[in-house]
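Subject: Handover of a structure and notes on its contents

Dear colleague,

Please find below the structure that I am handing over to you. My notes on what was found in it follow directly after.

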Amino acid sequence: LIENLTTGRTEVTIASIHGTQSTTINLLELNNQAEGEYQLFAEARDGAGNRSEREHGFFLDKTAPLVSLAVPVENAVLAGNLSTPVRGSVSDDRLDSYTLAVAPQSVENWTELASGTSALADAEILSWRPNLSDGPYRLRLRASDLAGNTSEVIHAVIIDNTPPLAEITQRALEPRVRHGL
């Protein structure tokens, strides 16, 4: 068995085993290899002159997607009953998917709001009407690529459904009485 790894035009033999083998062979630790396109070639020969070969190409991707949330900004105060545009960016040459989710500040129970598989460039992901109780929440945009690399951005937001209290005191309503001649 001869295993060759080709990067560009350079071919390197990385394993050669003689004798009878029927096993899985770890050929190469990919963590130490540069990101890029690779071609794996395997050839097997036996003592009778029989031969078979296989070839497989792959791309070694070590770069996580780029994600950003433009709106709402960190610590924005949002009305729960009004729509707010959620704008952001997601980019990766081999993007698999992204999700936008919300969770209460201290809970890891995320609720998906939107998802997609195409890159975004400062685009509206969702017109969001929270319909949530008052309090602090987190809005998360997470993306993953075909190699399993992930990245995320989280913004804290505050949902406020409670209108301010307008108060008129009695004293302000009392008419002024003037004593005259």
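How many bridges join β8 to β11, and in which sense do the two strands run? Nine bridges join them, and the strands run antiparallel. Two strands are said to pair if DSSP finds at least two bridges between them. Helices (H or I, at least four residues) and strands (E, at least two) are DSSP runs, numbered from the N terminus.

Before I continue, some notes on the basis of these results. This is a predicted model, in which local features need pLDDT of at least 70, side-chain atom pairs count only at pLDDT 80 or more, and totals for chains, interfaces and linings use all residues. Residues are numbered from 1 along each chain as its sequence is written, and side-chain values use heavy atoms, with hydrogens and water left out.

Overall organisation

The protein contains one helix and twelve strands. Along the sequence the pattern is β-β-β-β-β-β-β-β-β-β-β-β-α. Of its 181 residues, 30% are buried; buried means under 20% relative accessible area, exposed means over 50%, and partly exposed lies in between (1.4 Å probe, protein chains only). The accessible surface comes to about 12,500 Å², and carbon and sulfur atoms hold 49% of it. Such areas come from the Shrake-Rupley method with a 1.4 Å probe, and for residues only the protein chains shown count as cover. Among contacts (heavy atoms within 4.5 Å) with a separation of 6 or more, 62% are between residues 24 or more positions apart.

The five-stranded sheet and β11

Five strands form an open sheet with mixed pairing, in the order β6-β12-β11-β8-β9. At its edges stand β6 and β9 (111-116), each with a single partner strand, so one side of each has no neighbour in the sheet. Neighbouring strands here are turned by 30 degrees against each other on average, direction ignored; the axes are lines fitted to C-alpha atoms, for helices over the stretch in contact, and angles run from 0 to 180 degrees between N-to-C directions.

Within this order, β11 deserves attention. Nine of its eleven residues are buried, so β11 is largely enclosed by the rest of the structure. On the β8 side, Leu-95 has Asp-145 of β11 as its bridge partner. With β12, β11 pairs in the antiparallel sense over ten bridges, and Leu-141 is matched there with Val-153. These two strands form a hairpin with four residues between them, and Gly-148 in the turn has a positive phi of about 95 degrees.

The three-stranded sheet

A further open sheet has the order β5-β7-β10, with antiparallel pairing. Here β5 and β10 are the edge strands, each with a single partner, so one side of each is left without a neighbour in the sheet. The average turn between neighbouring strands of this sheet is 25 degrees, direction ignored. Five bridges link β5 and β7, and Leu-69 has Gly-88 in β7 as its bridge partner.

The nonpolar core

In soluble globular proteins, nonpolar side chains tend to be buried together. A nonpolar core is a set of buried Ala, Val, Leu, Ile, Met, Phe, Trp, Tyr and Cys residues joined through side-chain atoms within 4.5 Å. The largest one in this model has 22 residues, and those with the most contacts inside it are Val-86, Val-90, Tyr-98, Leu-100, Ile-125, Trp-128 and Leu-141. Elements giving two or more residues to this core are β5 (66-71), β6 (76-78), β7 (84-91), β8 (95-104), β10 (120-128), β11 (135-145) and β12 (150-159). Beyond its neighbours within four places in sequence, Leu-141 is in contact with residues including Leu-69, Val-90, Tyr-98, Leu-100, Ile-125 and Val-153.

Two loop residues

Asn-149 sits in the loop between β11 and β12 and is buried, with a relative accessible area of 18%. A polar atom of its side chain lies 3.0 Å from the backbone oxygen of Asp-61, and the side chain of Asn-149 reaches the backbone oxygen of Thr-63 at 3.5 Å.

Asp-134 belongs to the loop between β10 and β11 and is partly exposed, with a relative accessible area of 38%. A polar atom of the Asp-134 side chain lies 2.6 Å from the backbone nitrogen of Asn-161. The side chains of Asp-134 and Thr-162 are joined by a polar contact of 2.4 Å; a polar contact is a pair of N or O atoms within 3.5 Å, where, within protein, one must be able to donate a hydrogen and the other to accept it, and residues adjacent in sequence count only if both atoms are side-chain atoms.

With kind regards
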